[in-house]
Amino acid sequence: MTNPRIDIGSLAFAALLAVVALVGPMALDTFHVLQLSAYACLALAVVGLAFVWGVLGVLSLGHAAFFGLGAYAYAILSTAAGGSLVALAGAILAPLILALCLGYFLFYGRVGDVYLAVITLCVTLILFSFLNSTADVSYALLGVPLGGFNGISAVPALAWPSAAEDFLTPATTFTLCFLALAATYLALQLLRRTRTGRIMAGVRENERRCELLGYDPRRLKLLGFVIGACVAGLAGALFTANAGYVGPTVFDLSQSSQFLLWTIAGGVGTLSGPIVASFVLQFLASFIGTSQVANTSLVFGAVIIFFVYALPNGLIPSLQALLRTRFRLAGRQEPARAAGESVESAP
Amino acid sequence: MDQILVSGIAIATSIAILVLISLGLAVIFGMMRIINFAHGEFIMLGAYATVLSANAGVNLWVAMLVISPAFVALVGLICERLLIRRYYGNLTVTMLATWGLSLLLIGAVTALLGNTTRGIAAPLGNVAFGDYSVSTYQLFLIAFAALLVLATALFLTRTRYGLVARGTMQNPEMASTIGIDPKRVYAVTFGVGAALSGLAGGLLAPISGVLPNMGASYVAKAFVTVIAGGSSVLFGMVGAASLFGPIEAIVSLFTTPVIGQASLLAAAILLLRLMPTGLSAGFRRSP
C-alpha cells in the first residue's frame, strides 16, 4: 500500500503516448503536428476531469472554468513579458486558487453532489459572460487588455527559459504536449494507487462509511478537486501557447460539455478511455466542422443523448465487455479474475 | 420620494423576473428532483413561440399567455416521454440527458431560425411618477409574478391534483398502491413545470433579446435561486428571489449587469455555506 505499483497496461499506454511524442514530429506534416498538439492539450484537460469524476466521484461541470482560467493566465502573463515558466506557473496557480476557494465552500459546506454540479456550471457561465463583457480597454490586467469577445490574440508561444525570444518549434511543442499528457496520465494513475488514492475511491463509493472510519472526505475531495483544476489549468496554458490566441469561448457551454462528453464516451472510472475518446471525437468534430453538415451543438447534443441512451458505461468499457463476451463465446475462457475485474484496475 | 418609488419598482421587477424564471424549475427540480439543464431552453422556446406568433399576427397577450405555455408544455411532455422518463431517480444520468437535450434544442433552433436576435416591443406604454416614468409592462410583470406564485401555491395545496402530485413525489410506491399511476403524475407535473417555463419565456420576450442561446443566462440564476430556497420549494424560492433580486439589481446599478450576476452567485454560495439546507430550513412545513 505504501509502495504503489502500477500495472503493465497503464505503463504501456503511457509509453505509447511517449513514443507518439518522439516519433510524431518526424512522421507528420506541420498542419497535423499543430492539430494533434491542440488535441493533446484538450486530452490533458480531460484526464483531469476523468480523475475528479471517475476516481473521486465529484461531477464538476465547471472543468472548463479552470481550463479557461489557465488559458487566460498564460496569455496575460506571457504577453506581459513574464517568460514561459512564469506564465505556466501562473496558469497552474490561478485555477488552484479558484479551486481552493470554490472547493472550500462546496465541500466544507457539504453541498450535495447535485448542487455542486450546478454551482460549478454557474461559475463557468459567469466567467464566460464576464470575459465577454470586457471589450472596453479599461479592462486590462498587467497592461494586457482582455479584449471581450475578441479575446487576446498574438499570445507568445512557449520559449526556452534561457532566452525569452528563443521560441520552441511546433515540433518541440508537440513533443512537450504529448509528454505532459503521458506524464500526467502516469502520475494520476500512480496517485490512484497510493493510500490517498484508494481512500478517494472509498469516498466515491461510500462517503459516510469513510467518514466513520476516521477519514476526512471533505479534505480528500478538496485535494482531488484542486489537482484536477491544476491539470486543467496546465492544459489551458499549453493550448493557448499552441494556438497563440485565447477567447471567452474557452468558458462556454460547449467547451464544458465536450470535456464531459469525452469522459462519458471513454468511460467514467478509467483514465485512458477519456484520452482515447477525446482524440477520436475531436477528429470527428473537425470532420463535421470542415464538412459543414450541421452545427456542432446540434451534433454534440445528439451524441450526448446517444451515449446516455445506448452506451451508459462509455465506449471503452462497453467495447471491453463486448470483446470479453465474444472471446468467452468463442470458447477462449479467460481467467475468472478478468471477468470480475473492477473498474479500479482498468488501465 | 418619486425616486425611491421608482428604485423600489426596479428592485421589485428584478425579484419578479427571478421568480418567473425559477418557477418552472421549482416544480421540475424542486418537486420532482430532476436536474433539468434544458430549463433555459424551455424559456427560450417560450420566448420564440411568443415572438414568432406575434409576428404572424396573433394577439400578443394570447401569444404570451396561451401559445407559449401550451407549446413548451407539449415539448416538455415529448421530452419526458422519450428521454427523461427512463431515468427517474438517477440524478447524474438525467443531468447528462437534459444537458444533451439543451444543446440539441439550441442547435435545432439555430439551424431552423438562424443565430440572430429577434424581439418585440413591450406593450402598455409608460406611466409617470412625478419626474420619472416607468414602463407599465414592468408593473404588469410584478403583479403577474405574484399572482402566478399564489396560483401555483393554491394549485399544489388546495386542489386534488396538487395533493396527488405532492404525495406521489414523496412516495411513488404508496401512491401506486392506492390506484394512482405515478408515471402519469410525473408526466403531467413535468408538463406543468415546462408550461411555467414557457410562460416565463413568453413574458420575458418583450423585455429581452430572443436568440437561440439566451437560456444560458437564465439557467444559472434559476438553479441557484431554487437551490438556495431549500426544501420548501415554492416559498423558499420566492424568499431566495427576494434576497437575490435586490442584490443583483443594486450591484448592477452601481457596476455592470455582469458583476451583478456574479454577486448573485457569490451571495448564493455564501448562503449555502451558512445554511446548507437552504433558506426555508426554518420555515414551517409548506409547499
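Helices (H or I, at least four residues) and strands (E, at least two) are DSSP runs, numbered from the N terminus. The model is predicted, local features need pLDDT of at least 70, side-chain atom pairs count only at pLDDT 80 or more, and totals for chains, interfaces and linings use all residues. Residues are numbered from 1 along each chain as its sequence is written, chains are lettered from A in the order in which they are written, and side-chain values use heavy atoms, with hydrogens and water left out.

**Exercise 1.** Describe the interface of chain A and chain B, beginning with its contacts and its buried area.

*Solution.* Begin with contact, which means heavy atoms within 4.5 Å: 38 residues of chain A are in contact with 40 residues of chain B. Next take the buried area, that is, the accessible area (1.4 Å probe) that two parts lose on being put together, summed over both; for these chains it is about 3400 Å², with 81% of it on carbon and sulfur atoms. Then look for salt bridges (a side-chain nitrogen of Lys or Arg within 4 Å of a carboxyl oxygen of Asp or Glu), of which the rule finds zero across this interface.

Now ask which elements of chain A give two or more residues to the side that touches chain B. They are helix 4 (84-108), helix 5 (113-132), helix 10 (253-266) and helix 12 (296-310) of chain A, and the largest share, twelve residues, comes from helix 5 of chain A. Finally sort by class, where Ala, Val, Leu, Ile, Met, Phe, Trp, Tyr, Cys and Pro count as nonpolar, Asp, Glu, Lys and Arg as charged, and the others, Gly among them, as polar; the side of chain A that touches chain B has 30 nonpolar, eight polar and no charged residues.

**Exercise 2.** Describe the largest cavity and its lining.

*Solution.* On a 1 Å grid over the protein atoms alone, a cavity is a set of points where a 1.4 Å probe fits but cannot get out, and lining residues have an atom within 4 Å of a point. A volume is the space filled by probe spheres set on the points, which are joined across faces, edges and corners, and in the largest cavity this space is about 80 Å³. Residues of both chains line this cavity, including A:Leu121, A:Leu125, B:Phe37 and B:Trp99. By class, its lining has seven nonpolar, two polar and one charged residues.

**Exercise 3.** Find which helix gives the largest share of the lining of the second largest cavity.

*Solution.* The second largest cavity holds about 50 Å³ of space, and among the residues that line it are B:Val27, B:Phe155 and B:Tyr161. Two or more lining residues come from each of helix 5 (136-158), helix 6 (160-170) and helix 8 (182-204) of chain B. The largest share, three residues, comes from helix 5 of chain B.

Key: On a 1 Å grid over the protein atoms alone, a cavity is a set of points where a 1.4 Å probe fits but cannot get out, and a pocket is an open set with protein on both sides within 12 Å along at least five of seven lines; lining residues have an atom within 4 Å of a point.
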